[in-house]
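Student: Hello! Could we take a close look at the spaces inside this protein, starting with just one of them?

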Amino acid sequence: MAASMQVAGQLGLTSLYHYQDFNLRSADDHVRRLTDILKNNRIWCSNPASFNDPWDCKPYFDPSLLDDPQARAATAEALISTRTGGAELNHIDERLRMSPDFLKGAIQEFSTHLLGFIASRWGVYCLSPDPCLTLMWSHYARDHKGVCLEFAVQNTKFLLAVKVQYQKEYPTLLLHDPDARALMLVVKSDDWEYEQEFRLI
């Protein structure tokens with residue numbers, strides 16, 4: 001699926017838009033963030049841990065998929081490749097390879113660890129190709145009292161804004177799948193499809 005991932009530059013977009021709140025009396029940092037964008041050309045990226053979609057940037061590797069021997073073997077090797085340490089941990093590698101239950105438990109622990117890692121490692125800036133979406137003004141721009149910022153795409157970093165993929169069901173993720181790591185950050189429930197989201201990660 002990730003092979004079909006598209007970025008703004010491939011799609012010929014000339015502008016992307018960011019809806020945001022702006023309230024001089026708010027306890028949030030709207031004024032400072034907007035000032036920083038306009039004066040210093042810096043954007044403020046959201047922490048994925050705060051996203052309201054229960055799938056978004058919250059990977060889950062389903063242990064039932066490891067009942068397939070080939071998937072289990074490939075997943076064990078992928079998990080082993082992520083660890084640090086020397087030969088003293090070879091006995092753990094062997095358990096990952098030989099014990100399906102041990103591997104399933106390790107993958108569940110890895111999923112939990114990954115949630116914290118994503119929140120500490122990546123920030124996300126959410127964009128839309130359309131500045132006139134009523135629901136976006138309602139949900140993200142303080143009921144039409146906020147602002148919508150326009151960013152040029154061509155010859156900027158916004159060329160690399162990734163188009164979000166919307167799905168009816170939670171994506172099937174296997175750790176050894178090279179597409180899995182990308183999908184963790186760009187797949188959302190199709191309930192949010194109206195947003196037409198692109199994101200800088």
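Student: Which residues line the largest cavity?

Tutor: Happy to help! Keep in mind that this is a predicted model. The largest cavity is lined by Trp55, Cys57, Lys58, Pro59, Tyr170, Pro171, Leu173, Leu183, Met184 and Val187. Try finding them in the viewer. Sorted by class, that lining has 9 nonpolar residues, no polar ones and 1 charged residue. The volume of the largest cavity is about 50 Å³, and the count of cavities of 30 Å³ or more comes to 1.

Now let's turn to the pockets. About 650 Å³ of space lies in the largest pocket. It has 27 lining residues, and the closest to its centre are His18, Tyr19, Ser46, Cys126 and Tyr140. Four elements give two or more residues to this lining: strand E1 (15-20), helix H1 (30-40), strand E2 (125-127) and helix H5 (134-140). E1 gives the most, with 4 residues. The lining of the largest pocket divides into 11 nonpolar, 7 polar and 9 charged residues.

The second largest pocket holds about 550 Å³ of space. Of its 21 lining residues, Leu79, Thr82, Arg83, Phe110 and His113 are the closest to its centre. At least two lining residues come from each of helix H2 (69-82), helix H3 (90-98), helix H4 (100-121) and helix H6 (180-186). H4 gives the most to this lining, with 8 residues. By class, the lining of the second largest pocket has 15 nonpolar, 3 polar and 3 charged residues.

Let's follow three of those helices and see how they pack. Two packed helices are described by the angle between their axes and the distance between the axes. For H2 and H4, the angle is about 50 degrees and the axes are 11 Å apart. H2 and H4 are therefore oblique to each other, and H2 passes H4 in a left-handed crossing. On the H2 side of this contact you will find Arg72, Thr75, Ala76, Leu79 and Thr82, which meet Pro100, Leu103, Ala106, Ile107 and Phe110 in H4. Those contact residues divide into 7 nonpolar, 2 polar and 1 charged. You may recognise some names here: Leu79, Thr82 and Phe110 were among the residues closest to the centre of the second largest pocket.

H3 and H4 pack at an angle of about 105 degrees, with 6 Å between their axes. That makes H3 roughly perpendicular to H4. Here Ile92, Arg95, Leu96 and Met98 of H3 meet Pro100, Phe102, Leu103 and Ala106 of H4. This contact has 7 nonpolar residues, no polar ones and 1 charged residue.

That leaves H2 with H3. Their axes come within 8 Å and cross at roughly 155 degrees, so H2 and H3 are roughly antiparallel to each other. H2 passes H3 in a right-handed crossing. Ala76, Glu77, Leu79 and Ile80 of H2 make the contact with Asp93, Leu96 and Arg97 of H3. By class, there are 4 nonpolar, no polar and 3 charged residues in the contact of H2 with H3.

To pull this together, trace Leu79 in the viewer. Leu79 takes part in the contact of H2 with H4, in the contact of H2 with H3, and in the set of residues closest to the centre of the second largest pocket.

Notes
Residues numbered from 1 in each chain as written. Predicted model: local features only at pLDDT ≥ 70, side-chain atom pairs only at ≥ 80, totals over all residues. Heavy atoms only, no water. 1 Å grid on protein atoms, 1.4 Å probe; cavity = no way out; pocket = protein on both sides within 12 Å on 5 of 7 lines; lining within 4 Å. Points joined across faces, edges and corners; volume = space filled by probe spheres on them. Nonpolar A, V, L, I, M, F, W, Y, C, P; charged D, E, K, R; others polar. Axes fitted to C-alpha atoms, helices over the stretch in contact; angles between N-to-C directions. Parallel < 35°, antiparallel > 145°, perpendicular 65-115°, else oblique. Left-handed = near helix turned anticlockwise from the far one by under 90°. Contact = heavy atoms within 4.5 Å.
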